[in-house]
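Thank you all for coming; I would like to walk you through one structure, a piece at a time. Please look at the sequence and the model first, and then we can start with a pair of helices.

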Amino acid sequence: MQRRFGVRGDNGLIASPTPEEIASPSLRVDLVVRPKGSRPCRASDAISWVAPGTTRVERTTGCRFVASFPKEGSYRLIASLRGKDGWSGRGDVEVLVQDWLVFGLGDSNGSGEGAPDIPSPPLPALDPPRWQSLQCDRSAYSYQAQTARSIENADPKTSVTFAHFACSGASIEKGLLGAYGGINPKAGPALGPQVFKMQRLAEGREIDAVVISIGVNDLGFAALVEHCILYPSCYERGFPKLTSPTTLDGVMQARLNRLPELYDSLSRALKQVGVPASRVYLTEYFDSTRDGNGNFCDPLIEVTTTSLMPFTALIAHPFLRALAAAATSVTLHFDRAEAQWAHDRVLARLNQQVRAAASKHGFGLVTGVADAFRKRGYCAGDGAWVVGLFESFERQHDHNGTLHANPRGNTETAKLA
């Protein structure tokens, strides 16, 4: 089978399939003619084919051909050869045409946030990063894309059509089941619900796998991180505003308690569009809170006026301005106690909910992710599989990549997937 995913285009990015290529693919198989015995096949040999239906077989070079099939299935091809030396022969082959249709749905963990296809060059250059989708900070380095590429590479006799819809910032309600503007909404019109877009583009084709990362944005992950960088003892402070009567911890627990209901809604939608639960793979979230010894980072994130200077002089970004204003009077810390709270009261409970949803609804579970990152977190130095705050500003000129997996971290998650 000729590969359908993982080919880099002229623009330097991995090519994504068009809607037509998803729904009605032309599946191409390379064929080589080899006569039995010691006589080799020769470019001068006349070779003809008998193929079923609308299958086309064309000579490419010498004794190599390519057959184009309208859909998956088993096809019997017959080749006849007649050489100028009078030699003739005939043979047949059963060709099993298998193209795995894989969808990647979900949030920033699934989209590859923090790992642009082509990062920004080092400052002071201000060239923007390049993504598969700027609206979604979607990258071919994401674990979902790397999983599909691994399947493509593993077997030369099958191919993969990978449709990547995961979008940074997406939640179950806004992204999977409802419209969503994207992490960079000015980059395009509102995006339709990922689950129903998948159904529409598959157009009746058998869907072989749906890889999903979802749940963390139903808790408000980005706002949590910002709150804990800006304010000490963040989990005890008012949230979403300091003047709110509810604390960050209280809001997180309430949202965690609602997650099972949201996963139930997702399960119903997947059944509605005809995807068997056994072909859905829900992914656990990694642990970014540890150092190279597996201890909680102390601190997880530290921000000073000095550390901000290389960025504030060049990059205009609202959160960068907020950090600069707050750091003029005090060093900002997402400290060890806050990191342990984020792990124990948010991440661990989130992964419990992911596991419970997979068990309840019969989904496959991509597990072991938190354990794999246990000594590879934010403050693990050169061994970190997690993007830092200043690294995010350097590589993509915003803070969206902070605490997301870098390309190596995505590779390790892809191995588990």
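Helices α7 and α8 are roughly antiparallel to each other, because the angle between them is about 150° and angles over 145 degrees count as roughly antiparallel. Please keep in mind throughout that this is a predicted model. Helix α8 covers residues 318-327, and its axis lies 10 Å from that of α7, while the crossing that the two helices make is left-handed. Which residues of α7 meet α8? On the α7 side they are Thr305, Leu308, Phe311 and Thr312, and on the α8 side they are met by Leu320, Leu323, Ala324 and Ala327. Sorted by class, the residues in this contact of α7 with α8 are 6 nonpolar and 2 polar, with no charged residue among them.

Let me stay with Phe311 for a moment, since it leads us to another part of the chain. The structure holds 9 aromatic pairs, and one of them joins Phe311 to Phe393, with ring centres 6.2 Å apart and planes at 40°, so that this pair is classed as tilted. The two partners come from distant parts of the chain, 82 residues apart, with Phe311 in helix α7, residues 305-312, and Phe393 in helix α11, residues 389-396. In the loop between α11 and α12 we find His397, whose phi is near 60°, a positive value in a residue other than glycine.

That brings us to α12 and to the second helix pair I want to show. Helix α3, residues 143-154, and helix α12, residues 407-416, have axes that come within 8 Å and cross at roughly 55°, and that angle makes α3 oblique to α12. The contact draws on Tyr143, Gln146 and Thr147 from α3, and on Pro407, Asn410, Thr411, Thr413 and Ala414 from α12. By class, this contact has 3 nonpolar and 5 polar residues and no charged ones. As for handedness, α3 passes α12 in a right-handed crossing.

Now to the sheets, beginning with the one built from antiparallel pairs. This is an open sheet of 3 strands in the order β2-β5-β6. Strand β2, residues 46-50, and strand β6 stand at the edges with a single partner strand each, so one side of each is left without a neighbour in the sheet. From one strand to the next, the twist averages 25°.

How many bridges join β5 to β6? There are 10, between residues 73-82 of β5 and residues 88-97 of β6, and the two strands run antiparallel. You can follow the register along the pair, with Gly73 partnered by Val97 of β6, Ser74 opposite Leu96, and Arg82 partnered by Ser88 of β6. The hairpin of these two strands has 5 residues between them, and within the hairpin Gly86 takes a positive phi near 95°. On the other side, β2 pairs with β5 over 5 bridges, again in the antiparallel sense, and here Ala46 stands opposite Arg82 of β5.

The other sheet I would like you to see is open as well, with 5 strands in the order β8-β7-β9-β10-β13 and parallel pairing. Its edge strands are β8, residues 159-164, and β13, residues 364-366, each of which pairs on one side only. The twist in this sheet averages 25° from one strand to the next. At the β13 edge, 3 bridges join that strand to β10, residues 280-283, and the two run parallel. Within this pairing, Tyr281 stands opposite Gly364 of β13.

Before I finish, there are two peptide bonds to point out in the loops. Are the bonds that lead into Pro124 and Pro240 cis or trans? The bond from Leu123 to Pro124 is cis, with omega near 15°, and Pro124 lies in the loop between α2, residues 108-111, and α3, the helix we have just seen crossing α12. The bond from Phe239 to Pro240 is likewise cis, with omega near 10°, and Pro240 has its place in the loop between α5, residues 221-230, and α6, residues 248-272.

Notes
Residues are numbered from 1 along each chain as its sequence is written. This is a predicted model: local features need pLDDT of at least 70, side-chain atom pairs count only at pLDDT 80 or more; totals for chains, interfaces and linings use all residues. Side-chain values use heavy atoms; hydrogens and water are left out. Axes are lines fitted to C-alpha atoms, for helices over the stretch in contact, and angles run from 0 to 180 degrees between N-to-C directions. Helices (H or I, at least four residues) and strands (E, at least two) are DSSP runs, numbered from the N terminus. Angles under 35 degrees count as roughly parallel, over 145 as roughly antiparallel, 65 to 115 as roughly perpendicular and the rest as oblique. A crossing is left-handed if the near helix is turned anticlockwise from the far one by less than a right angle, and right-handed if clockwise. Contact means heavy atoms within 4.5 Å. Ala, Val, Leu, Ile, Met, Phe, Trp, Tyr, Cys and Pro count as nonpolar, Asp, Glu, Lys and Arg as charged, and the others, Gly among them, as polar. Two strands pair if DSSP finds at least two bridges between them. Rings of Phe, Tyr and Trp (its six-membered ring) pair if their centres lie within 6.5 Å; planes under 30 degrees apart count as stacked, over 60 as edge-to-face and the rest as tilted.
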